[in-house]
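This report describes the fold of one protein chain, a pair of packed helices, a pocket and a buried residue. Please consult the sequence and the structure shown below while reading.

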Amino acid sequence: MAVYMLAMFAHIFEWTFGSKGAVAVRSAEQSSLAETVAAAEEGAKGVRKVTVKVATASGGTATLTRTALADAGATVVTSGRGDDEAPDGPGAAGSSEKGDLAGRIAVSLTVLGALMHAGGVLTRGLSVMRWPWGNMYEFSCAFALAMVTAYLVLLGARKNVRWLGLPVMVAGLLTLGVAVTVLYTDSEQLVPALHSYWLAIHVSTAILCGGAFYAAFVPTLLYLGKDAYERRAAAGLPGGPLGIPASVWQRLPAAATLDKLSYRINAIVFPLWTFTIIAGAIWAEAAWGKYWEWDPKETWSFITWVAYAAYLHARATAGWRGRKAAYLALLAFACWLFNYYGVNIFVTGKHSYAGV
């Protein structure tokens, strides 16, 4: 937790230093200025540009730029860009060298913390020679590790997601803090019902799904803020929503990019969540003699599955994008959180293995 805290402060420094000096923000104003300069240069050569907005089949608009020769009536389409292809911001560090250095230090500390975290989870299991997620304390430790690992995997696959580091560190520290102060349980053997190889399969996939769902939740939440900022900017209003400076929102990816990232993560992890529920049903039949008894944990796992299925179905068939889809995704993640904390702590059932 100490290393994660240092990584969190380094991410904060990255955002702080990145907001000072000449931050290279590819904002809509700069894009308009560049287009104006280019049009003036072409006008000097006897060329003029005409920009037309047309409706698209998806319900949005597309911008078509046509170049017309001054002495001829012919026009040629030179470029076209839809509203969902707005340029992304430069990232948390902006163009500041100090900010970039702080971000690199933050990533290095995150990797170091994840390795130490994984060692802690491993030694917890070795202390009793079993899989280290038999109660809520162990599951919370593994869940926090899954969140950090999901961020590092995204960072390796997609370079411009360092902005995700700060919310991941905050959530990881909060999860571990609750685990060690409220949910802590001494290392001990499992109850007989949990002595099964399905513990490694069912619970492991649930942990992976939780980390991935959180990795999708963050861009969904940031999308709502970024979309509100873009609407304010389009209306000519100063500042940013929620009292957050405009420079912070400008350095985030475009709202459409955040929306796509959230959708892709949820779409990838949804089949794994489906497998988690199926594996749990198979384990239930082996342990209790029935595949499904509508136990509170089973019920809320199914509700969570329905919520994410509704989100993906709305995106795929009804063409839901933007804020409506984001609200559905937030609802689905809220179901997952209640399934974990609410059901385990406050509801009694066959899955009452919280240890608190």
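Residues 24 or more positions apart account for 74% of the contacts with a separation of 6 or more in the protein chain, a contact meaning heavy atoms within 4.5 Å. The model is predicted: local features need pLDDT of at least 70 and side-chain atom pairs count only at pLDDT 80 or more, while totals for chains, interfaces and linings use all residues. Residues are numbered from 1 along each chain as its sequence is written, and side-chain values use heavy atoms, with hydrogens and water left out.

The protein chain holds 10 helices and 3 strands, taken as DSSP runs (helices H or I, at least four residues; strands E, at least two) numbered from the N terminus. Their order from the N terminus is α-α-β-β-β-α-α-α-α-α-α-α-α. Of the 356 residues, 44% are buried (under 20% relative accessible area, with a 1.4 Å probe and protein chains only).

Helix 6 (residues 198-234) packs against helix 10 (residues 323-346) at an angle of about 145°, and their axes lie 9 Å apart. Axes are lines fitted to C-alpha atoms over the stretch in contact, and angles run from 0 to 180 degrees between N-to-C directions. Residues of helix 6 in this contact include Phe213, Tyr214 and Phe217, and those of helix 10 include Tyr327, Phe333 and Trp336.

The second largest pocket encloses about 550 Å³ of space. Among the 22 residues lining this pocket, Ala146, Thr149, Ala150, Leu208 and Ala212 are the closest to its centre. Helix 4 (136-157), helix 6 and helix 8 (255-288) each give two or more residues to the lining, and helix 4 supplies the largest share, 7 residues.

The residue classes of the helix contact and the pocket lining are as follows.

| Site | Nonpolar | Polar | Charged |
|---|---|---|---|
| Contact of helix 6 with helix 10 | 14 residues | 2 residues | 3 residues |
| Lining of the second largest pocket | 18 residues | 2 residues | 2 residues |

Ala, Val, Leu, Ile, Met, Phe, Trp, Tyr, Cys and Pro count as nonpolar, Asp, Glu, Lys and Arg as charged, and the others, Gly among them, as polar.

Threonine 304 lies in helix 9 (residues 296-316). Threonine 304 counts as buried because its relative accessible area is 0%. Apart from neighbours within four places in sequence, threonine 304 contacts Trp273, Ala332, Cys335, Trp336 and Asn339. Its C-alpha atom is 8.9 Å from that of leucine 331, a residue 27 residues away along the chain.

Key:
On a 1 Å grid over the protein atoms alone, a cavity is a set of points where a 1.4 Å probe fits but cannot get out, and a pocket is an open set with protein on both sides within 12 Å along at least five of seven lines; lining residues have an atom within 4 Å of a point. Grid points are joined across faces, edges and corners, and a volume is the space filled by probe spheres set on the points. Buried means under 20% relative accessible area, exposed over 50%, partly exposed in between (1.4 Å probe, protein chains only).
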